[in-house]
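Trainee: Please pick one part of this model and take me through it closely. Start from a single residue and work outwards from there.

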Amino acid sequence: MKEIKAVIRPNKLAVLRDALVALPGFPGMTVTKVEGCSAPSRHVPARTKIKDELTDYTSKVRVEIVAPDEVAEAVFMRITEVAQTGHYGDGLVWITDVEKVAFIFKTTPGPE
């Protein structure tokens, strides 16, 4: 199992949800509101002050998905394709291994 996490702009969430639901084997997702700022960028226009960049807590959403290995790459690619806006600081997508999973409603481990 893999966990795919992404921090994206909220205006991309509806189209991302639709794109992910269309994937065969998509297991669902958790979405939370988050705020944050990026480290100072080397790509900052001269008119932007570093202080302004560090205090720009742009609203974002964090998407978390636990998916079987065979679906994880497709989910990762779909997020990467759909969430792009072409602006620095728009987000990040990453995958980590999940050591163990249990469905709480049935209290047994495994993907069944």
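Mentor: Start at glycine 36, which is found in strand β2. Bear in mind that the model is predicted. Glycine 36 has a relative accessible area of 22%. Buried means under 20% and exposed means over 50%, so glycine 36 counts as partly exposed. Now look for tyrosine 57. Glycine 36 and tyrosine 57 are 21 residues apart in sequence, yet their C-alpha atoms are 4.8 Å apart in space.

Next, the sheet around it. Strands of a sheet pair through backbone hydrogen bonds, either parallel or antiparallel. Which sense applies to the pairing in this sheet? It is antiparallel, and the sheet is open, with four strands in the order β2-β3-β1-β4. β2 (30-36) and β4 are the edge strands. Each has a single partner strand, so one side of each is left without a neighbour in the sheet. From one strand to the next, the twist averages 20°.

Now take the pairs in turn. β2 meets β3 over seven bridges, in the antiparallel sense. One register mark is threonine 30, whose bridge partner in β3 is glutamate 64. β3 covers residues 58-67. β1 and β3 are also antiparallel, again with seven bridges. Three positions let you follow that register. Lysine 2 stands opposite alanine 67. Isoleucine 4 has isoleucine 65 as its bridge partner. Lysine 5 stands opposite glutamate 64. Glutamate 64 of β3 is thus placed against threonine 30 and against lysine 5.

Move on to the far side of β1. Strand β4 (residues 92-97) runs antiparallel to β1, and six bridges join the two. Alanine 6 marks the register here, with valine 93 as its bridge partner in β4.

β1 itself deserves a closer look. Is it mostly covered or mostly open? It is mostly covered, with five of its seven residues buried. Glutamate 3 sits in this strand, which spans residues 2-8. Its relative accessible area is 17%. The cut-off for buried is under 20%, so glutamate 3 counts as buried. What does glutamate 3 touch, leaving aside neighbours within four places in sequence? Its contacts are Glu64, Ile65, Val66, Trp94, Ile95, Thr96 and Val98.

Then the helices. Helix α1 (residues 13-21) lies across β1, β2 and β3. Its direction is at about 15° to β3. Helix α3 (residues 69-83) lies across β1, β3 and β4, and runs at about 10° to β1.

Lysine 12 lies in the loop between β1 and α1. Not counting residues up to four places away in sequence, lysine 12 touches Val82, Ala83, Gln84 and Thr85. Lysine 12 and isoleucine 79 are 67 residues apart in sequence. From C-alpha to C-alpha, lysine 12 and isoleucine 79 are 9.7 Å apart.

β3 also takes part in a pocket. Rolling a probe the size of a water molecule over the atoms shows where empty space is left. The second largest pocket has a volume of about 250 Å³. How many residues line it? There are 13, and Pro27, Gly28, Ile65, Val66 and Phe103 lie nearest its centre. β3 gives the most to this lining, with three residues. By class, the lining has nine nonpolar, two polar and two charged residues. Ile65 and Val66 thus appear near the pocket's centre and among the contacts of glutamate 3.

Finally, step back to the whole protein. There are three helices and six strands. From the N terminus on, they run β-α-β-α-β-α-β-β-β. Of the 112 residues, 25% count as buried. Take the contacts with a separation of 6 or more: 76% of them come from residues 24 or more positions apart. The contacts of glutamate 3 with Trp94, Ile95, Thr96 and Val98 are examples that you can trace in the model.

Methods:
Residues are numbered from 1 along each chain as its sequence is written. This is a predicted model: local features need pLDDT of at least 70, side-chain atom pairs count only at pLDDT 80 or more; totals for chains, interfaces and linings use all residues. Side-chain values use heavy atoms; hydrogens and water are left out. On a 1 Å grid over the protein atoms alone, a cavity is a set of points where a 1.4 Å probe fits but cannot get out, and a pocket is an open set with protein on both sides within 12 Å along at least five of seven lines; lining residues have an atom within 4 Å of a point. Grid points are joined across faces, edges and corners, and a volume is the space filled by probe spheres set on the points. Ala, Val, Leu, Ile, Met, Phe, Trp, Tyr, Cys and Pro count as nonpolar, Asp, Glu, Lys and Arg as charged, and the others, Gly among them, as polar. Buried means under 20% relative accessible area, exposed over 50%, partly exposed in between (1.4 Å probe, protein chains only). Contact means heavy atoms within 4.5 Å. Two strands pair if DSSP finds at least two bridges between them. Axes are lines fitted to C-alpha atoms, for helices over the stretch in contact, and angles run from 0 to 180 degrees between N-to-C directions.
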